[in-house]
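Good morning, colleagues. I should like to take you through the interface between two chains; please have the structure open.

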There are 2 protein chains.
Amino acid sequence: MTDCDLGGESKQVLRHVVLFKFKDGTSSQQIRGIENAFCALPGKINTISDFEWGTDVSVENLQQGFTHCFVLTFRNEAGREIYLPHPAHREFGQMLGPHLDKVLVIDYWTR
Amino acid sequence: MTDCDLGGESKQVLRHVVLFKFKDGTSSQQIRGIENAFCALPGKINTISDFEWGTDVSVENLQQGFTHCFVLTFRNEAGREIYLPHPAHREFGQMLGPHLDKVLVIDYWTR
């Protein structure tokens with residue numbers, strides 16, 4: 001823990017932040033399908049303890065082309081270890097892959 | 001709203017996700033100073049309704065060099081409009097700037 005433990009949560013959780021930029025030419029229908037498929041994962045992988053997402057509305061032009069942000073929460077590393085190789089996650093990756101231009105993933109423990 | 005409104009929150013909030021990569025040679029003491037300065041902003045800018053952060057612990061090697069993730073929450077766009085040009089935020093930016101290699105900012109409304 002650092003000097004700046006300002007979090008309101010008494011228990012640390014593991015955040016998993018995922019950013020996507022889709023390839024040019026990906027249709028809005030295809031993007032909607034990917035959004036829905038990602039949103040279905042918490043119903044299939046029970047170690048995802050929280051899930052939220054949205055599309056970029058920033059005003060500083062520092063999004064580096066990324067348009068989508070998904071934040072998954074795990075209670076511990078074991079939850080992430082179940083998620084990453086889970087068949088439902090792999091199936092999602094196969095659906096996503098052909099449309100993906102850039103991806104960024106950063107995980108952190110909340111403080 | 002989309003088909004996949006799985007959020008547990010009844011009210012949408014505006015998330016402001018900020019990623020940093022520091023320049024090579026930035027000392028751990030300098031990084032700690034920047035972390036502490038960012039963490040002090042919620043005490044100075046009262047439109048920041050929630051604040052959390054952490055350092056990368058991802059295992060997929062997709063972090064693109066970013067090491068720090070800060071997530072600020074605003075209740076509305078007006079809250080962000082207060083934050084961005086706020087003197088305390090500008091002062092932080094001046095402290096941060098010389099040490100910054102890369103920055104990424106993406107905002108989204110929770111769903």
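How many residue pairs are in polar contact across the interface of chain B and chain A? The rule finds 18 such pairs, both residues at pLDDT 80 or more. A polar contact here is a pair of N or O atoms within 3.5 Å; within protein, one must be able to donate a hydrogen and the other to accept it, and residues adjacent in sequence count only if both atoms are side-chain atoms.

On the side of chain B that touches chain A, β4(B) gives the most, with 7 residues. Helices (H or I, at least four residues) and strands (E, at least two) are DSSP runs, numbered from the N terminus.

The model is predicted: local features need pLDDT of at least 70, side-chain atom pairs count only at pLDDT 80 or more, and totals for chains, interfaces and linings use all residues. Residues are numbered from 1 along each chain as written, chains are lettered from A and ligands numbered from 1 in written order, and side-chain values use heavy atoms, without hydrogens or water.

Between chain B and chain A there are 2 salt bridges (a side-chain nitrogen of Lys or Arg within 4 Å of a carboxyl oxygen of Asp or Glu). In one of them, B:Glu52 pairs with A:Arg15, the closest N and O atoms lying 2.7 Å apart.

The contact (heavy atoms within 4.5 Å) takes 44 residues from chain B and 44 residues from chain A. Of the interface residues of chain B, 100% are also interface residues in chain A, so the copies meet through the same surface.
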